[in-house]
Amino acid sequence: MEEVRAYIPETLKEALEIRSRTDCIPLAGGSDLMVSNKRTTGVAPSFDKPVLIIRNLKELKEISVNGKGECVIGAGCTSAEIAQSSVVPWHLRQAASRMGAVALRNSATIAGNIANASPKGDTPGPLYLLDARVRLTSLAGEREVLVSDFIVKFKTIDLHPDELITAVVVPLSERNFDYIFWHKVGTRKANAISKLTLSQAIKFDGRIVSDYRLSATATGAKTNRSREVEKLIIGKEITPALIEQVIDAFDEVISPRAMPEFRREATRRMIRRFLSVASERPENRVIDTFDGFHVTGQPEPVF
Amino acid sequence: MNVKLEFTLNGKNVTVSTDPLRRLIDVLREDFGCTGVKEGCSEGECGACSILLNGKMVTSCLIPVGAADGQDIVTIEGLSETEKGKLIIQAFADGGAVQCGFCIPGMVVAAYSILCENPDPTEDEIRLGISGNICRCTGYDLIVDSIRLAAERGGSIWKK
Ligand SMILES: Cc1cc2nc3c(=O)[nH]c(=O)nc-3n(C[C@H](O)[C@H](O)[C@H](O)COP(=O)(O)OP(=O)(O)OC[C@H]3O[C@@H](n4cnc5c(N)ncnc54)[C@H](O)[C@@H]3O)c2cc1C
Ligand code: FES
Ligand code: FES
C-alpha cells in the first residue's frame, strides 16, 4: 500500500482521532511549513511525516468572550480575522494587523504563529504581555498552559503528539491599563518578518504605578518579558532616574543578534518614550508617536 | 497516495485525483491550465501567485491543494470574466499600469480585494493593499493610479 501523505479531517474530533493514532504534522495556514519544506516548481514539498490539514476546521474559527471575561480565539483564526475582531485585546489586534501583507494575513493562523516558536513571530509579544494561555486538546481531555511556558525555547514547544492547539485564551486585563503601547520597528518591506516589536502597558494608582508590563520580539532567542524588570517600577512613582533603571535592566535581558545596536537603541527609546509620556498622564490611552520612527497604525511608505 | 479532491474553480465544480501536498499553484497551472497564476518567489513574498480562496486573497504557492478540498477558488481567469474584474483590467490598460505584465494577475486580485473591502481607498490604503505584490517594472505609481481609476469608474458596484 502506498503511504498516506496527508489527512484531511472534516471535524475536530476526526482530527484528534488521527492525532491519537498517528505521528503527524498539523498544517493550518501553511505559511511557515510550505516555505520550510518546499522543493521546487512543480514538485510537492517534502515532509518527513504525514501532514494533518486543519486549515478548514470550523471548530477552530470562532472568537468569543467566555464567562470569566477572557477572550477565546480559535486556533485557526487568521491574522486578518483577529485584526478585525472588536473583542480581541488591543495589543494583539495591532500585532495581527501588521503581520506580513494582506494575502499572508488571510492564511497565517495564531496557533501557527505560536507553534512556530520563532522569536521573530509577532503575536507572542502581546500574548506574553497579557498572560495568555494556549488550550491544548486531545481525545483524553484538555489542558491550558501559559504561552510563555508553552514556547520552551527556540523552535521548541510543549505539545504532546496526540494534542492540537484548539484555542488561545487572553485575559482582558488590558481593559484596566491606563496607557498602552505597541510598535513594530523595521524595514519598509511589507513581508519582512524579522522586525522588532515592543508591547507595553501601565496602570496607576494615584501617582504610583500599580502594574507595568513590557515584552519584545526579535530581540533574542525567545520573546522577551521579564517580571524582575517590571517589578523595578511597580509600587513606585515614575522618575527620570527610575526610567533609566528600567531601560538598563531590560537591556540586560535582551540579546538581539541581527543589527544589535539598532535594536537596543530602538528598545531603549521606546521604553523611555512610553514611561515618560505616561507619567504626564495624557488624555489619549494609546501612546504611539515616536520621534524618529513611524507612527503606529499609519501606513509606512511602502516602496 | 493520490486523494480525490473536489472544489469550485472559477464557478465550476471540479475534481482532481492527486497528491494532496502538491502546491495549489502547481495544480492550478498544470492540471487546470490556469497559467495566469504566476510563480515569482515560491515563498509568499511576491504576490504573483495570488488567487481568491473563499473570497479572500491568498498566495497559492503556500497552500497544499488538499486544503482546497470543498472550498471556493477564483483565479485571474475567473475574475477577468466578472464585471468587477473587467473594470479593473480596463482601468489598468487605460491607466498604463502594465509593462511586462508578470505581476499583473496578482495585482488585479489585490486591486479586487482592496476595492471590495474599501470602495473609496486613499493612495496610502492602496499602497498598503498591494504591499505584498512586487512589480519589477512600473515603480507602482501607475498601478496605484489605475486602482484609483477603477474605484472612481466603478462607483457603487464596489459597494455590492
Ligand atoms: C511572506 C511571509 C511573511 C511573513 N510575515 C510574518 C510577520 O510579519 N510576522 C510573523 O510573526 N510571522 C510572519 N510570517 C511567518 C508565518 O506566516 C506565521 O508564523 C504564521 O502565523 C504561521 O501560521 P500558519 O497557520 O500559516 O502556520 P503553518 O505553516 O500551518 O504551521 C506552523 C507551525 O505550527 C504548527 N501548528 C499550526 N496549527 C497548529 C495547531 N492548531 N496545533 C498544533 N500545532 C499547530 C504546525 O505544525 C507548524 O509547526 C511570514 C511568513 C511568510 C511566508
Ligand atoms: S510565488 Fe507565491 S508569493 Fe511569490
Ligand atoms: S509589470 Fe513587470 S513586474 Fe509588474
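**Chain B and its contact with chain A**

Chain B has 160 residues and a radius of gyration of 15 Å, which agrees with the value near 15 Å that a compact globule of that length would have. Here the radius is taken over C-alpha atoms, and the globule rule is 2.2 Å times the number of residues to the power 0.38. This is a predicted model, in which local features need pLDDT of at least 70 and side-chain atom pairs count only at pLDDT 80 or more, while totals for chains, interfaces and linings use all residues. Residues are numbered from 1 along each chain as its sequence is written, with chains lettered from A and ligands numbered from 1 in the order in which they are written.

Let's walk through chain B. Its C-alpha atoms fill a box of roughly 50 × 35 × 20 Å along the principal axes. Six helices and five strands make up its secondary structure, in the order β-β-α-β-β-β-α-α-α-α-α (helices are DSSP runs of H or I with at least four residues, strands runs of E with at least two, numbered from the N terminus).

How much of chain B is buried? The share is 52% of the 160 residues, where buried requires 20 or more other C-beta atoms within 10 Å of a residue's own, the C-beta atoms being placed from the backbone. Among contacts with a separation of 6 or more, 61% join residues 24 or more positions apart; a contact needs C-beta atoms, placed from the backbone, within 7 Å.

Now for the partner. The contact takes 33 residues from chain A and 36 residues from chain B. On the chain A side, α2 (33-36), β3 (51-53) and α5 (102-105) each supply at least two residues, and α5(A) gives the largest share, three residues.

Technical notes: A residue is buried if 20 or more other C-beta atoms lie within 10 Å of its own, exposed if 12 or fewer, and partly exposed in between; C-beta atoms are placed from the backbone. Two residues are in contact if their C-beta atoms, placed from the backbone, lie within 7 Å.
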